[in-house]
Amino acid sequence: MEPIYATGMAAKLRSQWDRDAGLGQNHNAVKFLGQDYDSLRAQCQRSRTVFEDPLFPASISSVGFNELGPRSSKTQGLRWKRPTEICMRPQFIVDGATRTDICQGALGDCWLLAAIASLTLNDNLLHRVVPHGQDFDGSYAGIFHFQFWQFGEWLDVVIDDRLPVKDGKLLFVHSAEGGEFWSALLEKAYAKLNGCYEALSGGSTSEGFEDFTGGVTEMYELNKAPADLFSIIGRAVERGSLLGCSIDITSKFDMEAVTFKKLVKGHAYSVTGVEEVVYRGNMTKLVRIRNPVGGSGVDGAWSDNSREWDSVDRSVRGRLQNRSEDGEFWMSFSDFLREFSRLEICNLTPDALQASQVKKWSTSLYQGEWRRGSTAGGCRNFPATFWINPQFKLALKHPDSPGQSDCSFLVALMQKDRRKKRREGEDMETIGFAIYEVPNEVR
């Protein structure tokens, strides 16, 4: 037994040494499934072949298992094609990554697309996920790679560029122009990470935010919004946070239903800015929203051609309406609170923030598990065993501002690898946590 114990300890120590040396950070990501992008690409270039990924094959198993499974009408006639077979001159990114590069296909992953669209607002964040130096030019070998944050570490995911096509068109994410492929390839890498494309159907924008940044997400129910939410949003935009919003569905008939203001229920939007303008002598709060699938925006007050803009100073109006992005629109903050159900804000970790930004977070990550019979104490309805749940003690020592005692902190609880288990009929578990203040006398 001793050699097994030693080997286990050695592996554990080696893993810790690797982490201490920076493995798992964005600049030194863990190679997902052991695949090394540089060596695989060099191997293809030497043999003058294009890469075929044996670990995420061009087969129906990579597409789905139920609604996108082998018996589904959605996958009938599906073929896999490389961008070089789809158009004459494929491009990876043209004139920078923009929201119009991200058009939804036959997959219900608008939550993911809203998160990707938010990435395009920040080149620094985008290129942590979409590494530089990838294209279809002379070094092309049919292989690409993307990086995602997963439960405390960054993973580098390698894919080949065979994409699902039906009736001559990409089945899933595509660019509006049709010849730009970074978003489709990013979606494929994320599908590989989660087992298949269908595993991406349905979700929360905050999940995409976290996997693209390693940030910590907070959520606000807008019917119970705090009084200072507008300033919270403003500060979040200033420090480069990613923001998403959505409208709840109340029944299956609500899915993709359109409200009177032309907003889509169950659909994920991005929040891209806030502004206060003088309107008829009063300060009016506005919010800028982006629809990841494009379109003309909303109807009513502060929509593109509404009368409200006629009463705003011309220079202010010009600055706010000078938008190059289709699908982006303004609405009043009061309408925003009334029309939308939920706001998600992803606060970026220090390594993702620009050096010039003053306010940063410090972060700590704790691993734990609920194990039946030892650490699974149940919720607070079970007071006799509740105390055996994993506990973590936090000491807050750095106030938000000098001379103040207030110290803000965020707590996030994540479940590992639940999307991958959808194929076996499993999904997210109901989990939660409680926060208690420790009295001075027992500290």
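**A nonpolar surface patch, paired strands and salt bridges**

Y366, W370, F392, L394, L396, F409, V411, L413, I431, F433 and I435 come together as a nonpolar patch on the surface, and their accessible area adds up to about 1,000 Å². The model behind this picture is a predicted one. One of the patch members, F409, is found in the segment after β12 (342-347). With a relative accessibility of 37%, F409 counts as partly exposed.

Aromatic contacts turn up in this patch too. The structure as a whole holds 18 aromatic pairs. Y366 and F392 make a tilted aromatic pair, with 5.1 Å from centre to centre and 40° between the planes. This pair links distant parts of the chain, given that Y366 and F392 both sit in the segment after β12 but are 26 residues apart. Y366 counts as partly exposed because its relative accessibility is 47%, and F392, at 46%, counts as partly exposed as well. Elsewhere, F92, F136, Y140, F144, F146 and F181 gather into one aromatic cluster. A ring also meets a charge: the charged end of K285 sits over the ring of F230, at 5.6 Å from the ring centre.

Two of the clustered residues, F144 and F146, belong to strand β3, where they point the same way as F148 and Q150. I143, H145, Q147 and W149 point the other way from β3. In general, the side chains of a regular strand alternate between the two faces of the sheet. Is strand β3 enclosed by the rest of the structure or left open? Eight of the eight residues of β3 (residues 143-150) are buried, so this strand is largely enclosed by the rest of the structure.

The partner of β3 is strand β4 (residues 153-160), which runs antiparallel to β3 and is joined to it by eight bridges. Across this pairing, Q147 stands opposite D156 of β4. Together, β3 and β4 make a hairpin with two residues between the strands. In the turn of that hairpin, F151 has a positive phi of about 55°.

A further set of strands forms an open sheet: three of them, in the order β2-β5-β6, with antiparallel pairing. β2 (79-81) and β6 (169-170) stand at the edges with a single partner strand each, so one side of each has no neighbour in the sheet. Strand β5 (residues 163-166) pairs with β6 over two bridges, in the antiparallel sense. Within this pairing, V165 has L170 of β6 as its bridge partner.

Just along the chain from β2 comes R82, which is found in the loop between β2 and α4 (83-86). R82 is buried, as its relative accessible area is 7%. Its C-alpha atom is 5.5 Å from that of D161, although R82 and D161 are 79 residues apart along the chain.

Now for the charged pairs. Side chains of opposite charge can pair when their charged atoms come close. How many salt bridges does the structure have? The count comes to 16. In one of these, the side chains of K74 and E67 meet at 3.8 Å, N to O. K74 is partly exposed, with a relative accessible area of 37%.

D160 and K188 form another salt bridge, with the closest N and O atoms 2.6 Å apart. D160 lies in strand β4 and K188 in helix α7 (residues 182-193), so this pair ties together parts that are 28 residues apart in sequence. Both residues, D160 and K188, are buried. They also take part in a network of salt bridges that links E52, D160, R162 and K188.

A third example joins E328 to R288, whose closest N and O atoms are 3.7 Å apart. Here again distant parts of the chain are linked: E328 is in strand β11 (residues 328-332) and R288 in strand β10 (residues 282-290), 40 residues apart. Buried or partly exposed, which label fits E328? E328 counts as buried because its relative accessibility is 7%, a value under the 20% cut-off for that label. R288, at 23% relative accessibility, counts as partly exposed.

Definitions and conventions
Residues numbered from 1 in each chain as written. Predicted model: local features only at pLDDT ≥ 70, side-chain atom pairs only at ≥ 80, totals over all residues. Heavy atoms only, no water. Patch = residues over 30% accessible without salt bridge, like charges linked within 9 Å, V, L, I, M, F, W, Y side chains within 5 Å. Areas by Shrake-Rupley, 256 points an atom, 1.4 Å probe, with all protein chains shown as cover. Salt bridge = Lys/Arg side-chain N within 4 Å of Asp/Glu carboxyl O. Helix = DSSP H or I, 4+ residues; strand = E, 2+ residues; numbered from the N terminus. Buried < 20%, exposed > 50% of the residue type's maximum accessible area, 1.4 Å probe, protein only. Pairing = 2+ DSSP bridges. Phe/Tyr/Trp six-rings, centres within 6.5 Å; stacked < 30°, edge-to-face > 60°. Lys NZ or Arg CZ within 6 Å of the ring centre and 35° of its normal.
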